[in-house]
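Reader: I'd like a close look at one part of this model, the aromatic contacts and what sits around them. Can you walk me through it?

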Amino acid sequence: MAFARFRGIIWPINYLLIESLHKFYQYYGDDFKIECPTGSGNFMNLQQVAVDLYNRLSNLFLRDEQGRRAIFGDYQKMQTDPDFKDYILFYEYFDGDTGRGMGASHQTGWTGLIATCM
């Protein structure tokens, strides 16, 4: 499963899945491990998988090494303008390949849950 595709229009499912992984970890503990990402040869317990997914989703909003945020895509005003670059919008959903915010902005319902991921 390519996790870049995991952040498409199924955002509410992302959050529910991560929360479920936390709960299943409480039951299974450190002994139950799965390959994450699939095909990587890297095995993690369910808590580690949940944290990895939290981090991947948080990276939509955080700046990368070049100071760019994935949610702003190629929109230069939001990426570089001092009056806008720190103005974070909550979009309805995100492009599965680039992470660019799409759909309604100021979608603070499900997307507001990103605060619990950070």
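Author: Here is a walk through the aromatic pairs, followed by two polar residues. Keep in mind that this is a predicted model.

The structure holds five aromatic pairs. Take Phe61 and Phe94: their ring centres sit 5.8 Å apart with the planes at 80°, and since an angle over 60 counts as edge-to-face, that's the label this pair gets. Phe61 belongs to the loop between α2 (46-58) and α3 (76-80), while Phe94 is in strand β3, so the pair ties together parts 33 residues apart in sequence. Both rings belong to buried residues: Phe61 has a relative accessible area of 3%, and Phe94 comes in at 2%. Elsewhere, Phe24, Tyr27, Tyr28 and Phe32 make up one aromatic cluster.

Phe94 also leads us to Arg100, which touches it. Arg100 sits in the loop between β3 (93-94) and β4 (101-102), and with 35% relative accessible area it is partly exposed. Beyond residues up to four places away in sequence, Arg100 touches Ala70, Ile71, Phe72, Gly73, Tyr93 and Asp95 as well as Phe94. Measuring C-alpha to C-alpha, Arg100 and Tyr75 are 9.4 Å apart in space, with their positions 25 residues apart in sequence.

Then there's His22, found in helix α1 (residues 11-28). His22 counts as buried because its relative accessibility is 17%, and the cut-off is under 20%. Its side chain makes a polar contact with the side chain of Gln47, at 3.1 Å. Leaving aside neighbours within four places in sequence, His22 is in contact with Ala50 and Tyr54 as well as Gln47.

Key
Residues numbered from 1 in each chain as written. Predicted model: local features only at pLDDT ≥ 70, side-chain atom pairs only at ≥ 80, totals over all residues. Heavy atoms only, no water. Helix = DSSP H or I, 4+ residues; strand = E, 2+ residues; numbered from the N terminus. Buried < 20%, exposed > 50% of the residue type's maximum accessible area, 1.4 Å probe, protein only. Polar contact = N/O pair within 3.5 Å; in protein donor to acceptor, adjacent residues only side chain to side chain. Contact = heavy atoms within 4.5 Å. Phe/Tyr/Trp six-rings, centres within 6.5 Å; stacked < 30°, edge-to-face > 60°.
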